[in-house]
Amino acid sequence: MATSPTSSTSPGSPTSHLLELEDLRMYFHTQDGVVKAVDGVSYTLDAGQTLGVVGESGSGKSVTAMSIMGLTPMPPGKIHGGDVRFKGESMLTMSNKQLRGLRGNHIAMIFQDPLSSLNPVQRVGKQVGEGLTLHKGYKKKQAFQRAIELLDMVGIPNPDERARDYPHQFSGGMRQRAMIAMALACDPEILIADEPTTALDVTIQAQILELMQEMQRQHGTAIIMITHDLGVVADMADNIMVMYAGKPVEYGTTDQVFYSPLHPYTWGLMRSIPKRTLDDDQPLTPIAGNPPSLIDLPAGCAFSPRCPYATERCNTEEPTIREIEQGHSSACLFSGDAAFLKNSPIYDTASEGDGDE
């Protein structure tokens, strides 16, 4: 099981997890100022476990993943603190050769933009099978044949023909599926999926999520599912981390986050989930305003300018994430206040149900 995002284990200790992030801080130094893209992210991940990372665009989800993979450009990026450990060994001190041995083989990533992630002058089948020749010792023909099988697995029709096509001959959804096939090729121990189903229709989306879960069952793969939609991780994740302005604002099991959310930002995300019933006339409630600039964050709580429950204290005192109940943490000053938590949409739903009875 994952521990609280504030806990850690020492590198190389017998209790080390498959992946550990400890107070990771990745800043970008620009002409306009310092962008605190990732500012104190901590969590652990074990084999066979799925962590959902949710939040709006610009909350730091993808930069966290790129920092894990060692793909953040430096400069302008710079690690300002913390650590990333794979099986107890710090990845931040590894050489480029060591990192290349991990990427694609032990840790794979499905990137958010497949068009910019695929080589336009190489056939898709060659790109999907490239990791097999680099990491698994496959011959080129063997790797190409396996690439055809992988393309078939992710739902690409006529895979033996399409493997010989170039990325520009694929639709956006097919390119996304090719990226997924590439990530799954070497049966990685950790799969980081950055919005893996955004460009896909709902039928293919369900197939891809089922494929990832089947891979997890067969190989014990750990998955980090990055998304802006809580609904995507509802049935997949064991634990959920909600991010806002580069920081984790809530962390807990999926049941805890869905059935007893603690942070007003999480409440806002949940109110934005479309209802499944046609006769439900409750309108969607968007979160007011826009995410803050990561160069010039507001004083106090970064969410306070958009929070309908903010007080004067919220505008001056910066909250830190802390455990409110077993395994459930929040970065709201009032998350431990029972009266405050009555503002939760979950509480409203429960109250209405009690009244009906």
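This is a guided tour of a predicted model, given as a series of selections to make in the viewer.

**The open sheet**

Start with the eight strands that form an open sheet, in the order 6-7-8-3-9-10-12-11. The pairing in this sheet is mixed. To find its borders, select strand 6 (107-110) and strand 11 (322-325). Strand 6 and strand 11 are the edge strands, and each pairs on one side only. Averaged over the sheet and ignoring direction, neighbouring strands are turned by 20° against each other.

Next, select strand 3 (residues 50-54) together with strand 9 (residues 239-244). Strand 3 and strand 9 pair in the parallel sense, over four bridges. Within this pairing, Gly52 stands opposite Ile240 of strand 9.

**Helices across the sheet**

Add helix 7 (172-184) to the view. Helix 7 lies across strand 6 and strand 7, and its direction is at about 175° to strand 6. Then add helix 8 (residues 202-219), which lies across strand 3, strand 7 and strand 8 (222-227). Helix 8 runs at about 155° to strand 8.

**The nonpolar cores**

Which residues have the most contacts inside the largest nonpolar core? Select Tyr43 and Ile192; the core they belong to has 91 residues. Stay on Ile192 and show what surrounds it. With neighbours within four places in sequence left aside, Ile192 is in contact with Ala65, Ile68 and Met69, with Ile107, Ala108, Met109 and Ile110, and with Ile224 and Ile226.

Now move to a second core, separate from this one and made of six residues. Trp267, Cys314, Cys332 and Phe334 are among them.

**Aromatic pairs**

Keep Trp267 and Phe334 selected and add Tyr309 and Phe340: ring pairs link these four residues into a cluster. Over the whole structure, a search finds seven aromatic pairs.

For one of these pairs, select Tyr244 and Tyr265: the ring centres are 4.7 Å apart and the planes make an angle of 55°, a tilted arrangement. Tyr244 is in strand 9 and Tyr265 is in helix 11 (residues 264-271), so this pair ties together parts that are 21 residues apart in sequence. Tyr244 and Tyr265 are both buried.

Tyr265 also pairs with Phe303. Here the centres are 5.3 Å apart and the planes are at 70°, so the pair is edge-to-face. While Tyr265 belongs to helix 11, Phe303 sits in the loop between helix 11 and strand 11, 38 residues away in sequence. Buried or exposed? Both Tyr265 and Phe303 are buried.

**Two cis peptide bonds in succession**

Select residues Met74, Pro75 and Pro76. The peptide bond joining Met74 and Pro75 is cis, with omega about -10°. The bond from Pro75 to Pro76 is cis too, with omega near 10°. Where is Pro75? Pro75 is in the loop between helix 1 (61-69) and strand 4 (77-86), and Pro76 lies in that loop as well. As background, most peptide bonds are trans, and most residues other than glycine have a negative phi.

**Two aspartates with positive phi**

Go to Asp23, in strand 1 (residues 19-30). Asp23 is not a glycine, yet its phi is positive, about 50°. Asp23 has 31% relative accessibility and therefore counts as partly exposed.

Then go to Asp187, in the loop between helix 7 and strand 7 (190-194). Asp187 also has a positive phi of about 50°. With a relative accessible area of 36%, Asp187 is partly exposed.

**Two loop residues to finish**

Select Leu262, in the loop between helix 10 (254-259) and helix 11. Leu262 counts as buried, because its relative accessibility is 4%. Leaving aside neighbours within four places in sequence, its contacts include Trp267, Ile324, His328, Phe340 and Leu341. To relate Leu262 to the surroundings of Ile192, draw a distance to Ile68: the C-alpha atoms are 27 Å apart, and the two residues are 194 apart in sequence.

The last stop is Gln31, in the loop between strand 1 and strand 2 (33-45). Gln31 has 86% relative accessibility, so it counts as exposed. From Gln31 to Thr221 the C-alpha distance is 41 Å, with their positions 190 residues apart in sequence by separation.

Definitions and conventions. Residues are numbered from 1 along each chain as its sequence is written. This is a predicted model: local features need pLDDT of at least 70, side-chain atom pairs count only at pLDDT 80 or more; totals for chains, interfaces and linings use all residues. Side-chain values use heavy atoms; hydrogens and water are left out. Rings of Phe, Tyr and Trp (its six-membered ring) pair if their centres lie within 6.5 Å; planes under 30 degrees apart count as stacked, over 60 as edge-to-face and the rest as tilted. Buried means under 20% relative accessible area, exposed over 50%, partly exposed in between (1.4 Å probe, protein chains only). A nonpolar core is a set of buried Ala, Val, Leu, Ile, Met, Phe, Trp, Tyr and Cys residues joined through side-chain atoms within 4.5 Å. Contact means heavy atoms within 4.5 Å. Two strands pair if DSSP finds at least two bridges between them. Axes are lines fitted to C-alpha atoms, for helices over the stretch in contact, and angles run from 0 to 180 degrees between N-to-C directions.
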